[in-house]
Amino acid sequence: MKIQVAIARKLLVAVWHMLTKDEDFIDVYLKRLEKQAEWQNDIQALESLLVG
């Protein structure tokens, strides 16, 4: 029962955010992966400046 309530709460929070902010739902995990890729690119750019 606790698991069902937790899942229902997550769904309701996601729907509430979509309706109040008028935006599409973006998976948090995918957003985190994109941010990590950006950080890796920034780190590589800085490293190339230090080496070159």
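Let me start with helix α1, which has 20 residues and reaches 28 Å from its first C-alpha to its last, close to the 28 Å expected at 1.5 Å a residue. Please keep in mind throughout that what we are looking at is a predicted model.

Just after α1 comes Asp22, and this residue takes a positive phi of about 50°. The secondary structure of the chain comes to two helices and zero strands, and the other helix, α2, covers residues 28-51.

Now, how does the chain as a whole compare with a compact globule of 52 residues? Such a globule would have a radius of gyration near 10 Å, whereas this chain has 18 Å. Along its principal axes, the C-alpha trace spans about 60 × 30 × 10 Å. Buried residues make up 2% of the 52 residues, and of the roughly stated area that the chain exposes, about 5,400 Å², carbon and sulfur atoms supply 64%.

Let me return to α1, where Ile7 is found. Ile7 belongs to a nonpolar patch on the surface that it forms with Ile3 and Leu11, and together these residues have about 330 Å² of accessible area. In general, an α-helix has 3.6 residues a turn, so residues three or four places apart point the same way.

Is Ile7 buried, partly exposed or exposed? Its relative accessible area is 49%, and because exposed means over 50%, Ile7 counts as partly exposed. Leu50, in helix α2, has 75% relative accessibility and therefore counts as exposed. Finally, the C-alpha atoms of Leu50 and Lys31, which are 19 residues apart along the chain, are separated by 29 Å.

Technical notes. Residues numbered from 1 in each chain as written. Predicted model: local features only at pLDDT ≥ 70, side-chain atom pairs only at ≥ 80, totals over all residues. Heavy atoms only, no water. Patch = residues over 30% accessible without salt bridge, like charges linked within 9 Å, V, L, I, M, F, W, Y side chains within 5 Å. Areas by Shrake-Rupley, 256 points an atom, 1.4 Å probe, with all protein chains shown as cover. Salt bridge = Lys/Arg side-chain N within 4 Å of Asp/Glu carboxyl O. Helix = DSSP H or I, 4+ residues; strand = E, 2+ residues; numbered from the N terminus. Buried < 20%, exposed > 50% of the residue type's maximum accessible area, 1.4 Å probe, protein only. Expected span 1.5 Å × (residues − 1). Rg over C-alpha atoms; globule rule 2.2 N^0.38 Å.
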